[in-house]
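User: I'd like to learn how to read a few features of a model, starting with its pockets. Could you walk me through them?

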Amino acid sequence: MKKIILVLALAFSAFLSQAQTGATLKAGDAAPDFKLKNVDNKEVSFGTFKDAKGYIVVFTCNTCPYAIGYEQRIIDLDKKFRPQGYPVIAINPNDPEASTADTFAKMQDLAKDKKYPFPYLFDPGQKITDQYGAKRTPHIFIVSKTSKGNIVEYVGAIDNDPEGNKADKVKYAEDVIASLKSGQKPAVTQTKEIGCTVKRKAKA
């Protein structure tokens, strides 16, 4: 009897954890809109980009070595694809109490220092992080703006080169957008995200 109770308790705990952190969205799912504060203190949503054809939503942060390693590649994605209708929108998913270098003020400092050309948004309470089911930094969601709303087209890694030293890297994000621009569905819609786990405040 005790063993059954323990199994049930563990199962319930796993269910609660999943409910709290949210299942990761997949291709074909509706992409939740948001209204979050940018480092310039203005609110940003999908609607901010009136002429966008889609969006490159990147959950990233100040501190993770993987996020730092991908920083220039994220900047390059925005510079290349924002003029083509696919702007980068970066969201910091970390709780600043769990990761004190990810406070809003320090986000502002980083964005200014690195001259981010894209919004870098603060997610209080990790509500949007949980709606998307972002699990690591960086974790990318490529979204199309369609007549049926904003639809997720791809979820996962930016490329297959976290160390940044492969000459023949597979550029997942760029390949997805190339397919969308040509009117095709991406051949690859999901890859394993590569990065640090999202930092959460310890439960009381």
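Analyst: Gladly! A pocket is found on a 1 Å grid over the protein atoms alone: it is an open set of points with protein on both sides within 12 Å along at least five of seven lines, where a 1.4 Å probe fits, and its lining residues have an atom within 4 Å of a point. This is a predicted model, in which local features need pLDDT of at least 70 and side-chain atom pairs count only at pLDDT 80 or more, while totals for chains, interfaces and linings use all residues. Residues are numbered from 1 along each chain as its sequence is written, and side-chain values use heavy atoms, with hydrogens and water left out.

User: Which residues line the second largest pocket?

Analyst: In general, rolling a probe the size of a water molecule over the atoms shows where empty space is left. Here the lining consists of Arg73, Asp76, Leu77, Ile158, Asp159, Lys169, Lys171, Ala173 and Glu174. The pocket holds about 160 Å³, a volume being the space filled by probe spheres set on grid points joined across faces, edges and corners. Both α2 and α5 give two or more residues to this lining, and α2 gives the most, with three. Helices (H or I, at least four residues) and strands (E, at least two) are DSSP runs, numbered from the N terminus.

User: How many residues of each class are in the lining of that pocket?

Analyst: Six are charged, three are nonpolar and none is polar. For these classes, Asp, Glu, Lys and Arg count as charged, Ala, Val, Leu, Ile, Met, Phe, Trp, Tyr, Cys and Pro as nonpolar, and the others, Gly among them, as polar.

User: Now the interior. Which residues have the most contacts inside the largest nonpolar core?

Analyst: A nonpolar core is a set of buried Ala, Val, Leu, Ile, Met, Phe, Trp, Tyr and Cys residues joined through side-chain atoms within 4.5 Å. Buried means under 20% relative accessible area, exposed over 50%, and partly exposed in between (1.4 Å probe, protein chains only). In this model the largest core has 29 residues, and Ile56, Tyr120, Ile140 and Ile142 have the most contacts inside it. Among the elements that give it two or more residues are β3 (54–59), α2 (65–81), β7 (139–146) and α5 (172–181). A second, separate core of 21 residues includes Ala52, Phe59, Phe141 and Val152.

User: Why do the buried residues of α5 lie on the same side of the helix?

Analyst: First, the residues: Tyr172, Ala173, Val176, Ile177, Ser179 and Leu180 are buried in α5. They cover an arc of only 155° around the axis, so they sit on the same side of α5; the arc is that of the directions from the helix axis to the C-beta atoms. These buried residues pack against β3, α2, β7 and β8 (149–156), with contact meaning heavy atoms within 4.5 Å. Just after α5, Gly183 takes a positive phi of about 85°.

User: Which backbone features should I look at in the loops?

Analyst: Most residues other than glycine have a negative phi, and most peptide bonds are trans. Asn41, in the loop between β1 (36–38) and β2 (43–44), has a positive phi near 75°. Lys115, which lies in the loop between α3 and β5, also has a positive phi, about 55°. Lys115 is exposed, with a relative accessible area of 66%. The peptide bond from Thr137 to Pro138 is cis, with omega near 0°, and Pro138 is in the loop between β6 (136–137) and β7.
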